[in-house]
Amino acid sequence: MLEKMLIHVPHASLYIPEEYIPDYDLEVLSHEMLVMTDWYCNELFDCEAEMVAMQVSRLVCDVERFRDDKDESMSRLGMGLYYTKSSDKKVFRRFSEEKREEILTRYYDPHHGRLAAAVAERLKTHGECLIIDGHSFYPVPLPYELDREDNRPDICIGTDDFHTPKALVEKWVDYLKGCGLSVKINSPFAGALVPMEYYMRDARVGSVMIEVNRRLYIDEKGQKTSDFDRVKKVLNDMILMAE
């Protein structure tokens, strides 16, 4: 099954190209890098399956947003694919239509092209594909977040009614509870990424999101804790259950 699987990690990069740095309020940027980055998710979700990871920080380009701001609810908060506002709802980046188009061409479209091509290859070779969308989340709700529930789980599993295998989710929930972890479905975050070419069109493409509470593996400064390896093993064993 690992050959049929793709690990998608869109928010772990800390890289901001030098030419874009003058566009930001640097004091706010430092805070946003800390709270908005999915720290070490490229390591947490690293297994034998192929990984498609975003090259630049989500603060440059968020590939989990819709391409057109008209379709993206977060764009109303200044947090579409081209962020102009911070997690505290403050302006921290100057908007430039020219640079937005440049970022679409340099980062957004190529990333989605890589993801779609990897899905197509698995459909051609194996007849099916399962995307695991790997994320982390802040232990308490950030000001911009819609879900204000303070009692956040250790693990959130995001699902899609059309693309997420229900039996797999049930298996994962039982497994996580057996590991002594709390788990919620679609809370505090919901959904699962599917390339638009296949979304609601091709049931051979499965997708499920795994969100890990940061308190499990890093401290408030973004440094790994002694539990990092244990959490990584839990996630890897969980992913292997999809075989």
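This is a short talk on one protein structure, going from its strands to its cores, its aromatic rings and a few single residues.

One point before I start: what you have in front of you is a predicted model.

I will begin with strand β4, which covers residues 155–158. Its side chains alternate: I155 and I157 point one way, while C156 and G158 point the other way. All four of these residues are buried.

Now the partners of that strand. β4 runs parallel to strand β5, residues 183–185, and three bridges join them. With strand β6, residues 205–213, β4 pairs in the antiparallel sense, over four bridges. You can follow both pairings from C156. In β5, its bridge partner is K184. In β6, the residue opposite C156 is E211. There is also a helix to add here: α4, residues 166–178, makes a right-handed β-α-β unit together with β4 and β5.

Next, the nonpolar cores. The largest one has 37 residues. Which residues have the most contacts inside it? They are F45, I157 and Y217. I157 is the residue we just met in β4, where it is buried. Several elements each supply at least two residues of this core: β1 (5–9), α2 (41–44), β3 (129–137), β4, α4, β6 and α5 (228–240).

F45 is a good place to look at how those parts meet. Setting aside neighbours within four places in sequence, F45 is in contact with I7, V9, M51, G134, H135, I210, V212, L235 and I239. There is also a second, separate core, with 26 residues, and it includes I16, V63, Y83 and Y144.

Now the aromatic rings. A search of the whole structure finds six aromatic pairs. Take Y82 and F95 as one of them: the ring centres are 5.5 Å apart and the planes stand at 85 degrees, over the 60 degrees required, so this pair is edge-to-face. Both residues are in the loop between β2 (50–53) and α3 (97–126), and 13 residues separate them along the chain. Y82 is buried, with a relative accessible area of 6%. The ring of Y82 has a further neighbour: the charged end of R93 sits over it, 3.7 Å from its centre.

Elsewhere, ring pairs link W39, Y40, Y217 and F228 into a cluster. Y217 has already come up, as one of the residues with the most contacts in the largest core. F228 also has a charge over its ring: the charged end of K224, 4.4 Å from the ring centre.

Y40, from that same cluster, needs a word on its backbone. Its phi is near 65 degrees, a positive value in a residue other than glycine. Y40 lies in the loop between α1 (26–36) and α2. Is Y40 buried or exposed? Its relative accessibility is 19%, and the limit for buried is under 20%, so Y40 counts as buried.

A second positive phi is found at N186, about 60 degrees, and this residue is not a glycine either. N186 lies in the loop between β5 and β6. With a relative accessible area of 28%, N186 is partly exposed. The loop between β5 and β6 also holds P188. The peptide bond from S187 to P188 is cis, with omega near 10 degrees.

Two residues remain, and V35 is in contact with each of them. Y138 is found in the loop between β3 and β4. Y138 is partly exposed, at a relative accessible area of 23%. Its C-alpha atom is 7.0 Å from that of V35, although the two positions lie 103 residues apart along the chain. Apart from neighbours within four places in sequence, the contacts of Y138 are V35, R152 and R214.

The other residue is S87, in the loop between β2 and α3. S87 has 0% relative accessibility and counts as buried. Leaving out neighbours within four places in sequence, S87 is in contact with H31, E32, V35, M36, L142, P143 and Y144. Y144, the last of these, also belongs to the second core.

That is the end of the talk.

Technical notes: Residues are numbered from 1 along each chain as its sequence is written. This is a predicted model: local features need pLDDT of at least 70, side-chain atom pairs count only at pLDDT 80 or more; totals for chains, interfaces and linings use all residues. Side-chain values use heavy atoms; hydrogens and water are left out. Rings of Phe, Tyr and Trp (its six-membered ring) pair if their centres lie within 6.5 Å; planes under 30 degrees apart count as stacked, over 60 as edge-to-face and the rest as tilted. Buried means under 20% relative accessible area, exposed over 50%, partly exposed in between (1.4 Å probe, protein chains only). A charge sits over a ring if NZ of Lys or CZ of Arg is within 6 Å of the ring centre and within 35 degrees of the ring normal. Two strands pair if DSSP finds at least two bridges between them. A crossover is right-handed if, with the strands pointing away from the viewer, the path from the first strand over the helix to the second runs clockwise. A nonpolar core is a set of buried Ala, Val, Leu, Ile, Met, Phe, Trp, Tyr and Cys residues joined through side-chain atoms within 4.5 Å. Contact means heavy atoms within 4.5 Å.
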